[in-house]
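User: I am new to this structure and would like to learn how to read its features one at a time. Please give the general idea first and then the case at hand.

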2 protein chains.
Amino acid sequence: MQDSSIKAITWEGDHIRILDQTKLPVQEVYLECRNIEDVACAIERLSVRGAPAIGVAAAMALAMECQKVNAGTPEELMPHLEQMSIRLMNTRPTAVNLKWALKKMMDKALNSRTSDVEALKDALKQEAIRIYHDDIKINMAIGGHGQAAVPQEATVITICNTGSLATGGYGTALGVIRTAVKNGKSVFVVSSETRPLMQGSRLTAWELQKDGIPFVLIADSMAGYYMKKKGADLVITGADRIAANGDSANKIGTYSLSVLAKEHNIPFYVAAPFSTIDMSVKSGEDIPIEERPSEEITSIAGKPVAPESVNVWNPAFDVVPNSYIAGIITEGGIIRQPFNENIKKAFDEKGEEINGKS
Amino acid sequence: MQDSSIKAITWEGDHIRILDQTKLPVQEVYLECRNIEDVACAIERLSVRGAPAIGVAAAMALAMECQKVNAGTPEELMPHLEQMSIRLMNTRPTAVNLKWALKKMMDKALNSRTSDVEALKDALKQEAIRIYHDDIKINMAIGGHGQAAVPQEATVITICNTGSLATGGYGTALGVIRTAVKNGKSVFVVSSETRPLMQGSRLTAWELQKDGIPFVLIADSMAGYYMKKKGADLVITGADRIAANGDSANKIGTYSLSVLAKEHNIPFYVAAPFSTIDMSVKSGEDIPIEERPSEEITSIAGKPVAPESVNVWNPAFDVVPNSYIAGIITEGGIIRQPFNENIKKAFDEKGEEINGKS
């Protein structure tokens, strides 16, 4: 029941080692990313994915690349950092953790009072590594709070991958499941395969199998019928961005899952760190949704599964309205309705402290 | 706007020509089925699929194979027919049209008053060909009645394939769309790809493209978000078996679609011939649901998309409760709620006549 063997991202000093998740579960291939462009491309092609994980990867990329910049002073380094930050920001639009992590790095640079550029570079390295370790700690805290919502014997439906692969380590929704199991609960997971890129079958099934947590793999279209025929106790998903009112963007298919959960009176939970909450966005309507290439729908593993040049709609995410959500599981506890009020409260009280901003 | 080019099944005298739908849309390969076993295997591996189409294929298989039986009298032929019928019946459990077509053939044999075995064989051949031609006529009638439910400008969501490939020709749900378009309506189709076997992307997209009907292809998990973001005017699906109370079994994912349609106040229609209605089955609870091999979920086109030996649930169908259905579009008209009463009425009034039983 340890997932310590899974290291999606590791800091290796002169490079960042990234497990190429596009190759899983068939091959465990690691990429040696040696510059910003390597990491940006790895994020774009989803070699590393999951909102918290891409935040960590971006922070590390900035920390790594800045070591090589030939700058005499912190002031000279700043424009370079800004440029790198812009490149990384442009990789993917929906997950706000990317923005959050880059802002954290830029704030560190801006607020550093040193006039020694090498000291600043070192501070940025330490900050990136801290973001990484904090993310694991935060996931553990999410797991601890969330497991309280999991019955002693529970069937939990989830979508996409929210485990060690999607985060610095341990996981958000999958972290809740892991903690419930560690606490002696009997948890059975229903993993929705997550078309088009099969993070449920390729990644979540792989993590659950490694951990020995019992599960069944289903196609996304089977979730409703599973709820009806076999029943489930709760749905727990991750999130890529949570608006100030609790509307939560997550992997495409999550909205359908939330409607189906409502229909079957199954509580629907979102598990995510505070860094996924974007207080600057009032509601889900304002969350930018990435649309990805049609080839993800029209071919699988290079094989065509549709006629050539068909018209495709391929949003990578959708938005679950706050009213469908039983609770948002954060490192500060489970936030419940009314979300507008309680997110603000939780954010004010816990966010600063836990995110280490204070 | 003609689909006459698509011939999924044709009677060729000494063999049945079946378009191998597992190879579409990449290749148009035709199978020459020369005996019962050829046809049974073609049904089992889904080279021919769709409830009406497998009924037609089974009837033709019986008619073809019986020509070769060395029997002196109709009485001597009967046990052979029964044996063949059992083999065909055992191919797939959910679609009742298979049972219906085989019963029609057996009834023909039993009620034939000839003592000439060759005359009986010829009568069976004529009956199979009539089932085939009737199916096309029935689909045209379904289209005529159903198109009335389609607004002048309409976005229609559908799942799986219900077109020429799924029937003798023309189609059920897709037949309704075809007729609406022929009648000058502006129809935009949303084709749900239909995991695991991609009948939506492989087959429906192929048919729609051939017909020049505008459409967009989505993953099944996107249907809910499509309804929410872009809106739709109706959902029309086919059916594999309809219980006496209107509960309708159809391709897995149809139940989820019906829940999503209800959530978004989109009318949900089922289009199917009377032969899909099984009056011997009171409710959806009693419809047998085929579970198919886990490989359909764990690999695609021979490529693994999940770790080895994972636990999989792979029902090929699910059941839409009657209360979610706005209407069942048959060749006799649109049957509306209360279904228990109105199906019985429609079946008594129209079923006999249209199915040519009288």
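**Reading the contact between the chains**

Analyst: The area buried between chain B and chain A is about 4,800 Å², and carbon and sulfur atoms give 66% of it. Buried area is the accessible area (1.4 Å probe) that two parts lose on being put together, summed over both. This is a predicted model, in which local features need pLDDT of at least 70, side-chain atom pairs count only at pLDDT 80 or more, and totals for chains, interfaces and linings use all residues. Residues are numbered from 1 along each chain as its sequence is written, chains are lettered from A and ligands numbered from 1 in the order in which they are written, and side-chain values use heavy atoms, with hydrogens and water left out.

User: How many residues does the contact take from chain B and from chain A?

Analyst: Contact means heavy atoms within 4.5 Å. Chain B gives 59 residues and chain A gives 59 residues.

User: How is chain B laid on chain A?

Analyst: Two copies of a chain are related by a rotation about an axis and a shift along it. Here a turn of 180 degrees and a shift of 0.0 Å along the axis lay chain B on chain A with an RMSD of 0.0 Å. That is the relation of a two-fold axis. The copies are superposed by least squares on the C-alpha atoms of residues with pLDDT of at least 70 in both. The copies meet through the same surface, because 100% of the interface residues of chain B are also interface residues in chain A.

User: How many salt bridges are there between chain B and chain A?

Analyst: Side chains of opposite charge can pair when their charged atoms come close. The rule for a salt bridge is a side-chain nitrogen of Lys or Arg within 4 Å of a carboxyl oxygen of Asp or Glu. Between chain B and chain A the count is four. One of them joins Arg195(B) and Glu193(A), with the closest N and O atoms 2.6 Å apart.

User: Which elements give residues to the side of chain B that touches chain A?

Analyst: Helices (H or I, at least four residues) and strands (E, at least two) are DSSP runs, numbered from the N terminus. Those of chain B that give two or more residues to this side include α7 (199-211), β6 (215-218), α8 (223-229) and α9 (254-263). The largest share, six residues, comes from α9(B). By class, the side of chain B that touches chain A has 35 nonpolar, 11 polar and 13 charged residues. In this scheme Ala, Val, Leu, Ile, Met, Phe, Trp, Tyr, Cys and Pro count as nonpolar, Asp, Glu, Lys and Arg as charged, and the others, Gly among them, as polar.

User: What does the domain assignment of chain A give?

Analyst: Domain bounds come from an automatic or database domain assignment. For chain A it gives domain 1 (9-141) and domain 2 (145-354). Their C-alpha centres lie 24 Å apart. The contact takes 30 residues from domain 1 of chain A and 37 residues from domain 2 of chain A. About 2,700 Å² is buried between these two domains, of which carbon and sulfur atoms give 54%. In domain 1 of chain A, Arg49(A), Thr94(A) and Asn139(A) lose the most area to domain 2 of chain A, together 22% of what that side buries.

User: Which salt bridges should I look at within chain A?

Analyst: Across the interface of domain 1 of chain A and domain 2 of chain A, the rule finds three salt bridges. Arg92(A) and Glu290(A) also meet in a salt bridge (2.9 Å, N to O). Another pair is Arg87(A) and Glu37(A), whose closest N and O atoms are 2.9 Å apart. This pair links distant parts of the chain, with Arg87(A) in helix α3 (residues 74-89) and Glu37(A) in helix α1 (residues 36-44), 50 residues apart.

User: Where is the cis peptide bond that involves Pro25(A), and where does Pro25(A) lie?

Analyst: The cis bond joins Leu24(A) and Pro25(A), with omega about 0 degrees. Pro25(A) is in the loop between β2 (16-19) and β3 (30-33) of chain A. In chain B, the peptide bond from Gln337(B) to Pro338(B) is cis, with omega near -5 degrees. Pro338(B) lies in the loop between β16 (333-335) and α11 (339-354) of chain B.
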